[in-house]
Amino acid sequence: MHILRSTLAAATALVAVGLVVTPLASDAAGAATAQPVTTRTAHPAAADAGKTTVSVSPANRGIVQRDQDLQLTVTVTNDTDTEVPAGTAELDIFRSVSTRDVLSDWLADTTTTGYLGAPMDSVDVPAVPAHRSVTQTVTIVPGNVGLGGYTSFGARRIAADYTAGSTSAVARSAITWYPDFEQTPVGVSVAMPVTVPRTTDGVLTASELAAATAVDGTLTQQLDAAQDHNVTLAVDPRIIASIRLLGENAPTSATTWLQRLESLRNEKFALAYADADVSGLHQAGADGTPGVVSLDQQVDPEDFPGAVTASPTPSPTDGATPGAASPSAPAPTDTATPGAEPTGTATDGAAGTPTLPTTKSLLDFPWSMSGMSWPVEGTVAQDDLAALAASGTETTIVSSGNTSAGADTTIAASERIGDQHVLVADQGASALLRDAATAKDEQTWSTDMAELTATLATAARSGTATSPVLLTLGREWPTDSDRLSRALDALESTAWVSPSDLSSAAAASAGSLTLASSSAGDDRVDQLRRLVDGERDVVSFASALDDPADLTAPARLSLLALSSNAWRGDTGDLTVAIDRQLSRWTKQTSAVSIPNSSSLTLLGDRSSLPISVRNRSDYPVTVRLSVQPSSSALRVVKNDIEVKVQAQSSTRTTVPVQSVANGKVSLTMSLQSPTGVTISQPSTVELNVQAQWETVITAVAAVGLVGIFGFGIFRSIRKRIRRRNGEVDDEEDDPNRPLAVQPAAPGAPGRPGGAGRPRWAPAAPAGGRAATWWTRPRREPRAPARRLTCLQAGPAHRALPAGPRAGGSGRLLRRRPRRSGDGSACGCCGRCRSRRCRPSAPSSSPSSTRSPPPSAVSAGRARCSRRAPWPRGCWGSRRPSSWRSRSVRTSPCPRTRSPWRTSCRTTSTRSSRAVCCPPCSSRRSSAR
């Protein structure tokens, strides 16, 4: 075939030599002109690495009209280690009109064999050094193009066949023949995503936003390219929420970018938060489209001075399962309120006080279209559309290659697949637009735009699309916004292209297609499945928190960030990021547990088993403790006990159990949330049950206590009976027994200061009342003290009138002295404060000759006349208890009614705290 083509070229050259009289160089209209050769470093595509390739790029996007030259740029790239010798590139053309299928097959063909069309011209290519490329521009006159006689508008196929020694390469492209007549244009809508590169956080930081919104930042370039073009913007809501979350601390470039986005006239709709892979997540096990749970936890009050806390944002209904959403309550990313404040700060209309932003205010934006979902092309499975619709999606963008139409078929955008409304993007044409937007050099951009223009020409010529077709840009970020802007300018300036809004394309009458089920890829689904399972564990654990959103909201943001489409094509880094996130989630879900315990011994029939619950998380939790014995030797009386544990603390609770039989029992203890979700791994403890020991120990203790108290009661009763019978107590049992050696009484012989004086004498009754008064006779011998009984009666116990003095020298006394004349111990009556004395052994001293008064009753242990027992607290030298409440310094002496003196010379060790009465020489302690 190559020999045949060379022969035809030689014959053509001979004919040209015979027909042309003037030199070839003098006829510019009938020959091809080659421009100077350009050499540069080779930058081949990945598929062409290590090979020699050729490319052909038509000028003016390949549009050729009558009497116009066709300018082609031929580039030979040598990516080998040896130099390629000089060669020739032959330029060929198919002059017949190409349909969409034929053109698509032609552009996709990479072989070097087969018929390449009629020759137009050829160009000499010099030697190409190793790892270099050579570019030559060739201008072909209209006569050599040979399309002047064709009146049919449409695409034509061209090729460049390069030969240099044993090296050969073929490049294929297309041009568009556009004669002088009007062609009905095809409506074209373009959708462009506005996203950021991959991150692991659900909220962008200030530094990331500052870099993305700088003059040469990614977000700035995307808006520069879309401005003044009929392009619909699909915006990642994470960008808007992140700028608003920073409040007053947001970078100036970021707030300016947000204001610019709102002011653009382009149509806008929201992508999934963080541009999450919605189809991949559903295929990984999520129950729907994951949405934001809450952004309230990301709000820092310091970024909003003067703002007050607003009412909390209600959590979505899908809090229990990752990705679940309710049609009646769509995720915040699916709905919007036009006119929301760009700062995200709400204002209380009644008081005019700014409030902290809520999830709703952070995500609200004046979207042109709502309920849109845009999975990555070629990744939608059969069940994904129904799941997206259940999550609130009204319209899903799918590629034509994911449907029964095919990748290279011109089809209207608005279609229906089953019961779901979809917008079908032209996959082949979209790929050419993306290649032009991301082209690295001018030749590549020209090639891609020429092929796109020819493809749209076939669509316009066929007329199969009665409504606008849809072209989509990819998730890649253009390195040069100028090429994307030029591509959109060229597209909109094409005569057979009519720019259209996406809303118009969506509102058109829908056709009917079927879905060609596809997948996000096994490797990516496996990675996303790990994320979904990990977040499901966090959601289950969070059901024990008072506010589950404190834990589920950050976890959902991390899930969406790591499932972003920006991570596609970078499996290694994604694996590392997922491993780190799963490690953090595992630490959170294992924060509540039952510490391991050693073996316990349970004695008795009924007991309470102590169990500790530890919470190492930063949030208080409420759990239910369940205990399951391994055998019937132990019965749990009360199970499923609710336990509240504060953050970073431990709480001990008790479980009532009953022993049935002796033996060893294994107890399995588990924790569940109030909703019945298992919180931690069950813990086991060995228990040694001894059912009868408690009864034996209790019986022994009871018998001992009864014996002790019974012996004490018996001893007290025996003493009282002996006292009632007049028997004397045992010396060792009586704490108030007389001393074995009695001290000398005051005034007795042998005491310094003279002979003793009798102290007491009977006095005549006063007022005819049966009362006994004692006077203090002067210089009378004292009688031995005997046991006396209080003979006072009636109310006179409390206030006794003054009686006659005995012998005119005595004074009636209201209280008995502290001691009797012979030093025996005395007591007092608790009601009348009269005293009695317990006699000591009879004294043989002559001074002790005093006889008891006739009214006195020698009644052993008799009671007071008012039947009040003599209080033992008054025995001995202690004063009656009723005196203790009085001030000894202010009350007079009860005998002489004289004031007390504080200067007393006694031998008492407490003399400094004693007072005395000079007339009666009595002494008394000054302590209260």
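The exercises below, each with a worked solution, concern a predicted model of a protein.

**Exercise 1. Overall composition**

State how many helices and strands the protein has, what share of its residues is buried, and how its contacts are distributed along the sequence.

Solution. Begin with the secondary structure: the protein has 18 helices and 37 strands. Next take burial: of the 928 residues, 47% are buried. For the surface, the accessible area is about 43,200 Å², and carbon and sulfur atoms account for 52% of that area. Last come the contacts: of those between residues at least 6 apart in sequence, 76% join residues at least 24 apart.

**Exercise 2. Helix α16 and its surroundings**

Compare the span of α16 with the expected value, then determine how far the helix is enclosed and by what.

Solution. Step one is the span. Helix α16 covers residues 549-562, which makes 14 residues. The distance from its first C-alpha to its last is 19 Å, close to the 20 Å expected at 1.5 Å a residue.

Step two is burial, for which the cut-off is a relative accessible area under 20%. Twelve of the 14 residues are buried, so α16 is largely enclosed by the rest of the structure. Among the buried residues are Leu551, Arg556, Leu559 and Leu562.

Step three identifies the cover. The elements over the buried residues of α16 include α6 (237-245), α8 (278-283), α15 (522-542) and α17 (571-589).

**Exercise 3. Helix α15**

Which residues of α15 are buried, and what covers them?

Solution. First the length: α15 has 21 residues and reaches 30 Å between its first and last C-alpha atoms, close to the 30 Å expected. The buried residues are Arg524, Val525, Gln527, Leu528, Leu531, Val532, Gly534, Glu535, Val538, Val539, Phe541 and Ala542. Their cover includes the helices α8, α16 and α17, and also strand β23. In turn, α15 is among the elements that cover the buried residues of α16.

**Exercise 4. A four-stranded sheet**

Give the strand order of the open sheet that contains β23, name its edge strands, and locate the partner of Val592.

Solution. The order is β23-β25-β29-β27, and the pairing is antiparallel. The edges are β23 (592-593) and β27 (634-636), each of which pairs on one side only. At the β23 edge, two bridges connect β23 with β25 (residues 606-615), and these two strands run antiparallel. Within β25, Asn615 is the bridge partner of Val592. Strands of a sheet pair through backbone hydrogen bonds.

**Exercise 5. Salt bridges**

For Asp277–Arg568, Arg530–Asp579 and Glu642–Arg624, give the N to O distance, the location of each partner and its accessibility.

Solution. The whole structure holds 19 salt bridges.

- Asp277 and Arg568 have their closest N and O atoms 2.9 Å apart. This pair links distant parts of the chain, 291 residues apart: Asp277 sits in the loop between β13 (268-270) and α8, and Arg568 in the loop between α16 and α17. Asp277 counts as buried because its relative accessibility is 0%. Arg568, with a relative accessible area of 28%, is partly exposed.
- Arg530 and Asp579 come to 2.3 Å at their closest N and O atoms. Here helix α15 supplies Arg530 and helix α17 supplies Asp579, 49 residues apart. Arg530 is partly exposed at 30%, and Asp579 is partly exposed at 37%.
- Glu642 and Arg624 meet at 3.2 Å, N to O. Glu642 belongs to strand β28 (residues 641-645) and Arg624 to strand β26 (residues 621-629), so the salt bridge ties together parts 18 residues apart in sequence. Glu642 is partly exposed with a relative accessible area of 44%, and Arg624 is partly exposed at 23%.

There is also a network: salt bridges with shared partners join Arg198, Asp570 and Asp573.

**Exercise 6. The environment of Gln672**

Is Gln672 buried or exposed, and which residues does Gln672 touch?

Solution. Gln672 lies in strand β30 (residues 663-672). Its relative accessibility is 17%, so Gln672 counts as buried. Leaving out residues up to four places away in sequence, Gln672 touches Val623, Arg624, Ser626, Val677, Thr678 and Ile679. With Ser626 there is a polar contact between the two side chains, at 3.1 Å. Arg624, another residue that Gln672 touches, is the salt-bridge partner of Glu642.

Conventions
Residues numbered from 1 in each chain as written. Predicted model: local features only at pLDDT ≥ 70, side-chain atom pairs only at ≥ 80, totals over all residues. Heavy atoms only, no water. Expected span 1.5 Å × (residues − 1). Buried < 20%, exposed > 50% of the residue type's maximum accessible area, 1.4 Å probe, protein only. Contact = heavy atoms within 4.5 Å. Pairing = 2+ DSSP bridges. Salt bridge = Lys/Arg side-chain N within 4 Å of Asp/Glu carboxyl O. Areas by Shrake-Rupley, 256 points an atom, 1.4 Å probe, with all protein chains shown as cover. Polar contact = N/O pair within 3.5 Å; in protein donor to acceptor, adjacent residues only side chain to side chain.
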